[in-house]
Amino acid sequence: MEHANILRNTLLIDAGASLLAGVAALLFAPPLAQITGIAPWILYVLGAGLVIFAADVALVATRKKINPLFVKAIIAANIAWVIGSGLVLYIYQDRLTFEGMLVIELLAVAVALLTAVEAVSLRRLRTNTPRTA
């Protein structure tokens, strides 16, 4: 039961952080664009996507029984975020400000850490769950 709580809490942290980042991107896109070098329209799209993602993650986390398939999808999306962040840093390094690169790096590290906890918690949850024939 403890593994389910760790997974649930980590998913809720993931949802909350995604919601916070999404709302910040939506509300403050123009000033963030000047600080980071990321175009405002990209920040609006990312913000909307993060808000939707946060709602999905919260929905998975608040169900009575956590669906492992949905958690795997969340983990896959987080891995895609980290890989995408690396690609953005490499491809657009000449367009991003130092602050923009720092924000992308810090968010990628945070997402990677959350993803690792989610993956380990899911694995422990699955190994401790009795299987039926």
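The backbone oxygen of Lys64 sits 3.3 Å from a polar atom of the Arg8 side chain, a good place to start looking around this predicted model. Arg8 belongs to helix H1 and, despite its charged side chain, counts as buried at 19% relative accessibility. The chain around this pair has 5 helices and 0 strands, and its C-alpha atoms fill a box of roughly 55 × 25 × 20 Å along the principal axes.

**Around Arg8**

- Not counting residues up to four places away in sequence, Arg8 touches Ala61, Thr62, Arg63, Lys64 and Ile66.
- Lys64 therefore appears twice in the surroundings of Arg8: among the residues that Arg8 touches, and through the backbone oxygen that lies 3.3 Å from a polar side-chain atom of Arg8.
- Arg8 counts as buried because its relative accessibility of 19% falls under the 20% cut-off.
- Val71 is 63 residues from Arg8 along the chain, and the C-alpha atoms of the two are separated by 9.9 Å.

**The chain as a whole**

- Read from the N terminus, the elements run α-α-α-α-α.
- Helix H1 covers 2–27, helix H2 covers 29–36 and helix H3 covers 40–61.
- Helix H4 takes in residues 68–91, and helix H5 takes in residues 98–127.
- The chain has 133 residues, of which 30% count as buried.
- Of the contacts between residues at least 6 apart in sequence, 73% join residues at least 24 apart.

**Nonpolar cores**

- The largest nonpolar core has 14 residues, and those touching the most other members are Leu7, Leu11, Val57, Val60, Ile66, Val71 and Ile74.
- Helices H1, H3, H4 and H5 each give at least two residues to this core.
- Apart from this core lies another one, of 7 residues, with Ala29, Ile38, Leu89 and Ile104 among them.
- Val57, from the largest core, is in contact with Leu11, Asp14, Ala15 and Ile74 once its neighbours within four places in sequence are left aside.
- Two of those partners, Leu11 and Ile74, are also listed with Val57 among the core residues that touch the most other members.
- Ile66 and Val71 are on that list too; Ile66 is one of the residues touched by Arg8, while Val71 has its C-alpha atom 9.9 Å from that of Arg8.

**The largest pocket**

- The largest pocket has a volume of about 960 Å³.
- Its lining takes in 36 residues, and Leu46, Leu50, Trp81, Ile104 and Leu107 lie nearest the centre.
- H1, H2, H3, H4 and H5 each supply at least two residues of the lining.
- By type, the lining divides into 27 nonpolar, 7 polar and 2 charged residues.
- Ile104, one of the residues nearest the pocket centre, is also a member of the 7-residue core.

**Two buried glycines**

- Gly22 lies in helix H1 and is buried, with a relative accessible area of 0%.
- Beyond residues up to four places away in sequence, Gly22 touches Gly47, Leu50 and Val51; Leu50 is also among the residues nearest the centre of the largest pocket.
- Gly22 and Thr127 are 105 residues apart in sequence, with 34 Å between their C-alpha atoms.
- Gly100 is found in helix H5 and is likewise buried, with a relative accessible area of 0%.
- With its neighbours within four places in sequence left aside, Gly100 is in contact with Ile35 and Thr36.
- From Gly100 to Ser121 there are 21 residues in sequence and 32 Å in space, C-alpha to C-alpha.

**Thr115 and Ala73**

- Thr115 is in helix H5 and is buried, with a relative accessible area of 7%.
- The side chains of Thr115 and Asn78 make a polar contact at 3.3 Å.
- Leaving aside neighbours within four places in sequence, Thr115 is in contact with Ile75, Asn78 and Ile79.
- Ala73 has its place in helix H4 and counts as partly exposed, because its relative accessibility is 46%, between the 20% and 50% cut-offs.
- Ala73 and Leu89 are 16 residues apart in sequence and 24 Å apart in space, C-alpha to C-alpha; Leu89 is one of the members of the 7-residue core.

How values were computed: Residues are numbered from 1 along each chain as its sequence is written. This is a predicted model: local features need pLDDT of at least 70, side-chain atom pairs count only at pLDDT 80 or more; totals for chains, interfaces and linings use all residues. Side-chain values use heavy atoms; hydrogens and water are left out. Helices (H or I, at least four residues) and strands (E, at least two) are DSSP runs, numbered from the N terminus. Buried means under 20% relative accessible area, exposed over 50%, partly exposed in between (1.4 Å probe, protein chains only). A polar contact is a pair of N or O atoms within 3.5 Å; within protein, one must be able to donate a hydrogen and the other to accept it, and residues adjacent in sequence count only if both atoms are side-chain atoms. Contact means heavy atoms within 4.5 Å. On a 1 Å grid over the protein atoms alone, a cavity is a set of points where a 1.4 Å probe fits but cannot get out, and a pocket is an open set with protein on both sides within 12 Å along at least five of seven lines; lining residues have an atom within 4 Å of a point. Grid points are joined across faces, edges and corners, and a volume is the space filled by probe spheres set on the points. A nonpolar core is a set of buried Ala, Val, Leu, Ile, Met, Phe, Trp, Tyr and Cys residues joined through side-chain atoms within 4.5 Å.
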